[in-house]
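Biologist: I'd like to walk through this one with you, a bit at a time. Can I just fire questions at you?

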Amino acid sequence: MSEIAFIGLGNMGGPMAANLVEAGHTVRGFDVVKEAQDKAAASGVEIAATAEDAVAGAEFVFTSLPNGALVTQVLDAILSAHPEPRLYIDLSTISVAEARELATKVNQAGSGFLDAPVSGGIAGAAAGTLAFMVGGEAEDVAKARPLLEVLGKSITHCGDHGNGQAVKACNNMILAVHQIVLAEAMVLGERLGLQPQAFFDVVSNATGNSWALSVNAPVPGLVENSPANRDFAPGFAAALMLKDLRLAMQAAEDTSTATVLGAIAAEQYAAFVDEGHGGLDFSAIINDVRAKKEKK
Ligand code: NAD
């Protein structure tokens, strides 16, 4: 059994830390929010006074934080307080460039670093069915694998440092574009007199199929458990999709890559979030498509 520090006990980190405790590991956690601390303590996580205290003596350090600036801040403080070698596994979604900078910094300090962003959302974190896309050295992935297997059902080593974040940004850019074009097609179909069920029955078995339709259909009554059936309670909130699109756009700029449709999706989600819909599932973008048409 391992000694684990877990920094960031929020919607994702809280249930993940709880699953590690459940699997028999010793988990010392830290979060800046008292409510997150209390919830984690109730599931058996030992709460430390600071991130640095949580890390003392730990073999593995997980971080699950809102952004790259916070991950950098937290790891800087830990590395200067406790420079002993250990393995850092960042589960947050941050930029490829930030992940690579952190890997260099951590490696120079004599420890290992993996970027291991996740897919599967809060439900996947609670159920231990997340998908991990991991960037870093093979021997570090091998060390982390038994712990990641507690937390998820698929662990893919995607190559060097930053490649986990790279594939996450690419996947979510595809997903955002799919969800928007699906909304446009469904609204167009409705206005041409097509029943949503007929649209679903044909397209979900045809070349236009996608996860956006077959799992996350934006019209109620088509797919059991899709957010549309519960007034778009997430699921995957539009604000988080916007965050991921911005990371993808940053990566596109850094690599001079033309991502025309990705850029349009980022603009549309930015407007949607600005209008106050950031807390809705990102499939609610169909409301925006309908509203635009009504304005004409
Ligand atoms: P969250 O806001 O619920 O949790 C983040 C936690 O970090 C909060 O509890 C916050 O108090 C804590 N925190 C902030 N600064 C801290 C610091 N300096 N020290 C210690 N704790 C600190 O967010 P989340 O939904 O759990 O997401 C975590 C990460 O996972 C994000 O990078 C997010 O993009 C990614 N992610 C989230 C989802 C999802 O569905 N929620 C899905 C995939 C990936």
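Biologist: Let's start with Gly8: does that residue count as buried or exposed?

Modeller: Keep in mind that this is a predicted model. Gly8 sits in the loop between strand 1 (3-7) and helix 1 (13-22). The cut-off for buried is under 20% relative accessible area. Gly8 has 3% relative accessibility, so it counts as buried.

Biologist: And which residues is Gly8 in contact with, leaving aside its neighbours within four places in sequence?

Modeller: One of them is Asp31, which is 23 residues apart from Gly8 along the chain, yet their C-alpha atoms are separated by 4.9 Å. Leaving aside neighbours within four places in sequence, the full set for Gly8 is Gly13, Gly14, Phe30, Asp31, Ser64 and Leu65.

Biologist: Leu65 makes me think of the ligand. How much of the ligand's accessible area does the protein cover?

Modeller: 22 residues surround the ligand, and the closest are Asn11, Met12, Asp31, Leu65 and Lys243. A backbone N or O atom of Asn11 lies 2.9 Å from a ligand oxygen, and for Leu65 the distance from such a backbone atom to a ligand oxygen is 2.8 Å. Thr93 joins in too, with a polar backbone atom 3.0 Å from an oxygen atom of the ligand. Of the 820 Å² of accessible area that the ligand has on its own, the protein covers 86%.

Biologist: Which elements give two or more residues to the shell around the ligand?

Modeller: Here we go from single residues to helices. Those giving two or more residues to the shell are helix 4, helix 6 (121-127) and helix 11.

Biologist: On to helix 5. Over what arc around the axis do its buried residues spread?

Modeller: Helix 5 takes in residues 96-108, and Val96, Ala99, Leu102, Ala103 and Val106 are buried there. An α-helix has 3.6 residues a turn, so residues three or four places apart point the same way. The buried ones therefore sit on the same side of helix 5, within an arc of only 125°.

Biologist: Which exposed residues does the face turned away from that buried side carry?

Modeller: First, the buried side: its cover includes helix 4 (68-81), strand 5 (87-90), strand 6 (112-115) and helix 8 (163-191). The face of helix 5 turned away from it carries Glu101 and Gln108.

Biologist: Last one: what is the relative accessible area of Ser226?

Modeller: Ser226 is in the loop between helix 10 (211-214) and helix 11 (238-254). Beyond its neighbours within four places in sequence, Ser226 is in contact with Val215, Asn216 and Ala217. Ser226 is buried, with a relative accessible area of 0%.

Definitions and conventions
Residues are numbered from 1 along each chain as its sequence is written. This is a predicted model: local features need pLDDT of at least 70, side-chain atom pairs count only at pLDDT 80 or more; totals for chains, interfaces and linings use all residues. Side-chain values use heavy atoms; hydrogens and water are left out. Helices (H or I, at least four residues) and strands (E, at least two) are DSSP runs, numbered from the N terminus. Buried means under 20% relative accessible area, exposed over 50%, partly exposed in between (1.4 Å probe, protein chains only). Contact means heavy atoms within 4.5 Å. The expected span of a helix is 1.5 Å times one less than its number of residues. The arc is that of the directions from the helix axis to the C-beta atoms. A residue is near a molecule or strand if one of its heavy atoms lies within 4 Å of it. A polar contact is a pair of N or O atoms within 3.5 Å; within protein, one must be able to donate a hydrogen and the other to accept it, and residues adjacent in sequence count only if both atoms are side-chain atoms. Accessible areas come from the Shrake-Rupley method with a 1.4 Å probe; for residues, only the protein chains shown count as cover.
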